[in-house]
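Let's take a walk through a protein structure together, one piece at a time. Have the picture open and follow along.

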Amino acid sequence: MATEAVVPQAIVMADFKGKVDPDWCPGCGDFGVLAAVQKALVELQIPKHEVATISGIGCSSNFPGFIDTYGMHTLHGRSLPVATGMKMANHTMTVLVTGGDGDGFGIGCGHFVHATRRNVDLLYLVMDNQIYGLTTGQTSPTSRLGMKTKSMPFGSIESPLNPVSLALAAGATFVARGFSAEQKHLTELIKQGIEHKGFSFIDVFSPCVTYNHDNTFQWFRPRVKKLEDNPEYDSTDWGAAMEKSLMWGDEIPIGKFFERTDLPTLHGAEPVLKNGPLVQQDSRIPADVAKTFIDELM
Amino acid sequence: MRQSFSVGIGGAAGQGVATPGDIFAKIFSRRGLHLNAYNAYQSIIRGGHTFLTVRTGPDKIATTDGKLDLLIPLNQDTMERHMRLLSAGSACLYNADLIKPGTPADGVQLCPIPVSKLADISRNKVAQNTLAIGAGLSMMGIGFPALESVLEEQFRKKEKAVIDENVNLARAGYDYATQNFKPFAWPLPMTDTRYAVLSGNAAMAMGGAAAGVKFYCAYPMSPSTGVLHWMAEHARKANIMVRQVEDEIGVINMTIGAAHAGVRAMCATSGGGFALMSEGLGLSAQAEIPIVVIDCQRAGPSTGVPTKTEQGDLWQMLGAAFGDYPRVIGAPLDIADSFKMIPEIFNITDRFQCPGIVLCDLLLSEGRLSVDPKELDFHPPVDRGELITSNGSNGHEAYKRYKITESGVSPRVIPGVPGYTHTVSSDEHDEDGVLISDEYTNSVKRRAMMEKRMRKENGIAAAVPPPQLLGPANADVTLIGWGSTYGVIDEACELLREAGISANHLPIRWLVPLHGDAIVDLLKGARRTIIVENNFSGQFARYLRSETSFVPDGNIRKYDGEPFLPHHIVEAVKEQLAGKTKLSVPAHEIMV
């Protein structure tokens, strides 16, 4: 991109303040996630015009409007393909994808698996509140068995999906879980996720204070245990990560489950991008190349 | 009547019908002959029945016509299905060891080839095909060297022995025919022109490359997959990123993501895949991100007949995605036009920041046409519209992505440029991108944004020319078609004129914007108007009526999966002129 010389200035929290204040319910877990993302970008000193924040639809998907970056508020469940296309066309951008559990694991689950296996270099942050909030409280793919909601008033009879295990099984190269109330820890995970070259997935417990009376801040607080507190835990061990991901109950692990750095990213593996970001490449077919295309048909 | 010569080659899928077709096409086009090829096939990889027709001649060949001069049946089934298409002067070349001829019409030459005597059939499974190509060319009066050079190219990756074996086999067939069969009365002429032979799918892919497409993605779906194949094969030479995506929902959204980042992005599918894309089409419109989607129509609804043609997706395109928004829909008239239309529609979608749809069909997608290479212009005019690619020297904090303007077009910035950060959205939004779908709901702003977007329709209408009437004024009959029926109607008009019925033709190339007033103006003096289309309900007739109140005198429709042949239209016009019916549905006589 042709740009005028800009005198470098330290990047501060105010740079990332959105045009409007979040209209989430007071006390919503998503406030903590927004602050952690802004903090991570400041700590990494990434200029806002180099960041694309792309979401689907839902409470947490309103996120791009509340942070000043190049934002994209797409369709329900479709943030990952949009983000993939954007990253492929301009891989110099830092791409953040934000959304909820319904958006990512319900309607968008197919894309989640495929963006994961493609190792698209982006950070996918799911604000997982185990409920559909913006549609006023229905069962989500991560709602617990037996949970009562407006759509399943007598309790869910379906087992919830395990996002961390699913991401590991689909081949994610960075898998973590955070908790909105653990600001510092979450900020650290986001920084690592942004810096990781490949598909980074963070499932964040971001409690819904209006519709989910089961998985509240109070419920999570005594249960979450940081993997980082266990010096023996090896986040390069996929088997150990899978095993940890299955833990649920009195102890729920949060932190970095897994990371591997030996696989190429999608844009790194694409020969066409060796000539630079697509958006900066010449889009004209040289006359000699055009001639070969026509000669094939003669 | 246009002088032409048609070869039909039929067999089971997997028997190698395509190769002889390609070889004949190459030889004809290198003689400076025009050609048009259509492959009638089934959704089966091995077995079933495939029937390829190549029609050639010195003048433009706009369609196949169902008549055969040479039939090459590769199995008994083909002999039985198509022998009846042969009439006096034509010939049938077949493997005498395996195939029994039926009873031909008078004057049809039966040409049995003693394949096991001329070839070692234990070594070469497609010996009969190669022998028949050689024999056929001899009878057409084409010298052997033309075939020799094509075979050498065909097998260039193989060792010399393989090339020699095939050349010798072809020569054996050629010599055998020279000695034993009667040549055709009309030896194929030669001209100085040389043509490229290509499918509509290759044409659209190349048109994309010419338009500067940098990102293409797709999910395989017949009959659109050829676009993906061309793109994938040529991606590295053309510097286009090509991705195969998990489904068409992913496809359109990935296309939108790439387009938003600032490159021209395109995708192709067929009706079923398009149905999955429709919500994404609305996102393109609402977020004002230009994309081009190609829909290669096949016979529907649902899975329908995947290998058969139809013009049945028009209303899906008109109604795709909910809400009102500006869109542009073009239907290329032939394979050369399939190339040309892509850069044109990109210029419109870029200027007006809206989705563009190219409505093609199997007939064009998978058919083959000879095209003057000069028509394949890889440096067409490119207009990216109001696109901000640099931050210049001004302050931009007040940048409004959806600024309300008279044209409805708001300057678009490529993400990454400092000073222009903003959010684009599928939700309704204010000029600066802030959502007005939730806390900030505002009926005045909503109305203003709707009107801003819809004002772009005026600009689009001015950017697209109205259709034109072809042929004599004051004709007895005016035939109206859209998209791929252009060629067959053109030839039908010619045949009608030869039969003493003057006919003219109104081909519709742009469906949206339609230019309804211009169409009504053109048609108001017409003596008898007939709409010709490849679907059951008269989708275009209904559309034209809804836009203009115009009702034609008659309709000719076909929905059996096969394209119109010129005589179908000629006979239908005659029966309508005789007052026998107002709706003709011609029966297809070639059984595939």
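Start with one pair of residues: Gly481(B) has Pro507(B) as its bridge partner in S19(B). Keep in mind that what you're looking at is a predicted model. That pair belongs to a bigger match-up, in which strand S18 (residues 477-482) of chain B is joined to S19(B) by six bridges, and the two run parallel. Zoom out a little and you'll see that these strands sit in an open sheet of five, ordered S19-S18-S21-S22-S23 (chain B), with parallel pairing. At the edges are strand S19 (503-508) and strand S23 (583-584) of chain B, each of which pairs on one side only. As background, strands of a sheet pair through backbone hydrogen bonds, either parallel or antiparallel.

Now look for the helices on this sheet. Helix H15 (residues 486-498) of chain B lies across S18, S19 and strand S21 (529-533) of chain B, and its direction is at about 170 degrees to S19(B). Helix H17 (residues 539-548) of chain B lies across S18, S21 and strand S22 (554-557) of chain B, running at about 130 degrees to S21(B).

Where does all this fit in the chain? The domain assignment splits chain B into domain 1 (5-180), domain 2 (197-375), domain 3 (386-464) and domain 4 (477-584). Let's hop over to another sheet. This one is also open, and its seven strands come in the order S9-S8-S10-S11-S13-S12-S20 (chain B), with mixed pairing. Why do strand S9 (241-244) and strand S20 (510-512) of chain B each have one side without a neighbour in the sheet? They stand at the edges and each has a single partner strand, so one side is left free of a sheet neighbour. Going from one strand to the next, the twist averages 20 degrees.

Inside this sheet, strand S11 (residues 291-297) and strand S13 (residues 355-361) of chain B pair in the parallel sense over seven bridges. To spot the pairing, find Cys296(B), whose bridge partner in S13(B) is Cys360(B). H8(B) packs on the sheet, where it touches strand S8 (213-218), S9, strand S10 (264-269) and S11 of chain B, and its direction makes about 130 degrees with that of S9(B). H9(B) lies across S8, S9, S10 and S11 of chain B too, running at about 165 degrees to S10(B).

H8(B) has a helix partner as well. Helix H7 (residues 200-211) and helix H8 (residues 225-238) of chain B pack at an angle of about 40 degrees, and their axes are 8 Å apart. The crossing is right-handed. On the H7(B) side, the residues making the contact include Met204(B) and Ala205(B), while Trp230(B) and Met231(B) are among those from H8(B). What kinds of residues are these? Nine are nonpolar, two are polar and none is charged.

Next, see how two domains of chain B meet. The centres of domain 2 and domain 3 of chain B, taken over C-alpha atoms, are 26 Å apart, and 15 residues of domain 2 are in contact with 15 residues of domain 3. On the domain 2 side, helix H9 (248-261), helix H10 (271-287) and helix H12 (335-352) of chain B each supply at least two residues. That side divides into nine nonpolar, four polar and two charged residues.

For a single-residue stop, try Ala127(B), which is found in helix H4 (residues 127-140) of chain B. Is Ala127(B) buried or exposed? It counts as buried because 23 other C-beta atoms lie within 10 Å, and the cut-off for buried is 20 or more. Leaving aside neighbours within four places in sequence, Ala127(B) is in contact with Val115(B), Ala119(B), Ile121(B) and Leu169(B).

Finally, how do the two chains meet? In all, 54 residues of chain A are in contact with 64 residues of chain B. The largest share of chain A's side, eight residues, comes from H2(A). That side is made up of 28 nonpolar, 17 polar and nine charged residues. There is strand pairing between the chains too: three bridges join S2(A) to strand S17 (residues 423-425) of chain B, and the strands run parallel. Here, Met72(A) has Val424(B) as its bridge partner in S17(B).

Conventions: Residues are numbered from 1 along each chain as its sequence is written. Chains are lettered from A and ligands numbered from 1 in the order in which they are written. This is a predicted model: local features need pLDDT of at least 70, side-chain atom pairs count only at pLDDT 80 or more; totals for chains, interfaces and linings use all residues. Two residues are in contact if their C-beta atoms, placed from the backbone, lie within 7 Å. Helices (H or I, at least four residues) and strands (E, at least two) are DSSP runs, numbered from the N terminus. Ala, Val, Leu, Ile, Met, Phe, Trp, Tyr, Cys and Pro count as nonpolar, Asp, Glu, Lys and Arg as charged, and the others, Gly among them, as polar. Two strands pair if DSSP finds at least two bridges between them. Domain bounds come from an automatic or database domain assignment. Axes are lines fitted to C-alpha atoms, for helices over the stretch in contact, and angles run from 0 to 180 degrees between N-to-C directions. A crossing is left-handed if the near helix is turned anticlockwise from the far one by less than a right angle, and right-handed if clockwise. A residue is buried if 20 or more other C-beta atoms lie within 10 Å of its own, exposed if 12 or fewer, and partly exposed in between; C-beta atoms are placed from the backbone.
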